[in-house]
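Student: I am new to this structure and would like a close look at a single part. Could you walk me through one residue and its surroundings?

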Amino acid sequence: MTAAVALVVISALVITAGCVNSSEDQTSVGTVSHSDITKIADYLYEITYYDYDESKMAAYADALEERIMTAKAADELINLFNKEFGNLPAGCSAVHVGDFYGRNLDLGFSANSDIVIHVAAKEGRYASVGVAVIADQSGTPEYIDAGMSEEDFTLLPYFTMDGINEKGVGINVNLIPVEDLETPTTGTNPGKTDLPMLFIPRFVLDNAASAKEAVDLLSECNVYGNVFSFPPDELHYMICDPGETYIVEFVNNKMNVVKDDVMTNFYQSLPEYTPQACGMERYSILKAGKDTVTSVDTMDALMQTVRFTKTYDPKTTPRWYSEIYDKDVVITSSLAEKEAKLNAVSEEAKTTTRKPNNPIWQTMHSSIYDLKNLTLKLHVQEDYEHSYEFRI
């Protein structure tokens, strides 16, 4: 990182593992207790959770599904993507090198915010820090500032998209196309503990002392898709600790596990399943650049090379043709077909402004984790001139 990049350290808001604020600072309703949510910057908030009942995960998932399925805006958003760009994906990239773990979450130019979530340690649960994103209107600054509902606070920990826990275990979730699978994931182990796909990061951060233990725990759960794993997309995961990295995917109701240190948005356990493969260029860039990573700052620099707006820049070399996947333009299509589609997307991006339901995507946040020192360095909304630091 160059000296010109400003580092904004939110030292007054750093929370130590296991540290709990006084009871008057906590809000408790039923089985959920948390601090007030604090605004750090535009599109960035922070909150600490002291307790919640993870045995209610299935009930939380049902409530979430009902809420989203009745939200007209969500349907309109999905339809807009499909109509305009034929499933332009929410990219997302991740790479792990020793103590350093980087992750970009790519979403649209929208009014939704990132929320840094601290979870305090308790018996049977590890302390953690991670970043959550609420996909519907309750994730906007206007909604958050006006006062989130208690249902929002109950569901919020389960919107965690990436994080690390006090044992140095990291996890992130990326979208992945499933158009070529025989069936979406309806259940990997019927009769065992139900675990919605979206909730896997929270489950791992709370319960796993190593990457291998995380994989073992997931293999004993009944993992199933929910409203946020809809065709043509489901979810897959990078899980790491300082010594190991696993990619966990679900194919035709079976859990597949491979060892790899880079993940984007195509099946790494079954590459033959992905003629709609997405993120191949980003994968190659991260593979080629990971040997440069020796610190948080060098990992930060690497993640900036795969910021998602490079998709729309015609000067990007090589162009990211695999970001376009639909029934007409796939990875096996001719170069001319892919060039025409990507040029159309690039032209649209020139006039993009920040507004809800805009179909142009960007890197919503870049998370750089230190698995040894248990820190998070965060950029939001592709603002690489400023960063924010947090600790478990």
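Tutor: Happy to help; what follows is a close look at His365 and its surroundings. This is a predicted model, in which local features need pLDDT of at least 70, side-chain atom pairs count only at pLDDT 80 or more, and totals for chains, interfaces and linings use all residues. Residues are numbered from 1 along each chain as its sequence is written, and side-chain values use heavy atoms, with hydrogens and water left out.

Look for His365 in strand 18, which covers residues 361-370; strands here are DSSP runs of E with at least two residues, numbered from the N terminus. His365 counts as buried because its relative accessibility is 0%, where buried means under 20% relative accessible area with a 1.4 Å probe, protein chains only.

Now turn to the side chain: His365 and Asp114 are joined there by a polar contact of 2.7 Å. Such a contact is a pair of N or O atoms within 3.5 Å, and within protein one must be able to donate a hydrogen and the other to accept it; residues adjacent in sequence count only if both atoms are side-chain atoms.

Beyond neighbours within four places in sequence, His365 is in contact (heavy atoms within 4.5 Å) with residues including Arg103, Leu105, Val131, Val133 and Asp162. Met161, in strand 10 (residues 160-165), also touches Arg103, Leu105, Val131 and Val133, among others, not counting residues up to four places away in sequence. With 11% relative accessibility, Met161 counts as buried.

Key: Helices (H or I, at least four residues) and strands (E, at least two) are DSSP runs, numbered from the N terminus. Buried means under 20% relative accessible area, exposed over 50%, partly exposed in between (1.4 Å probe, protein chains only).
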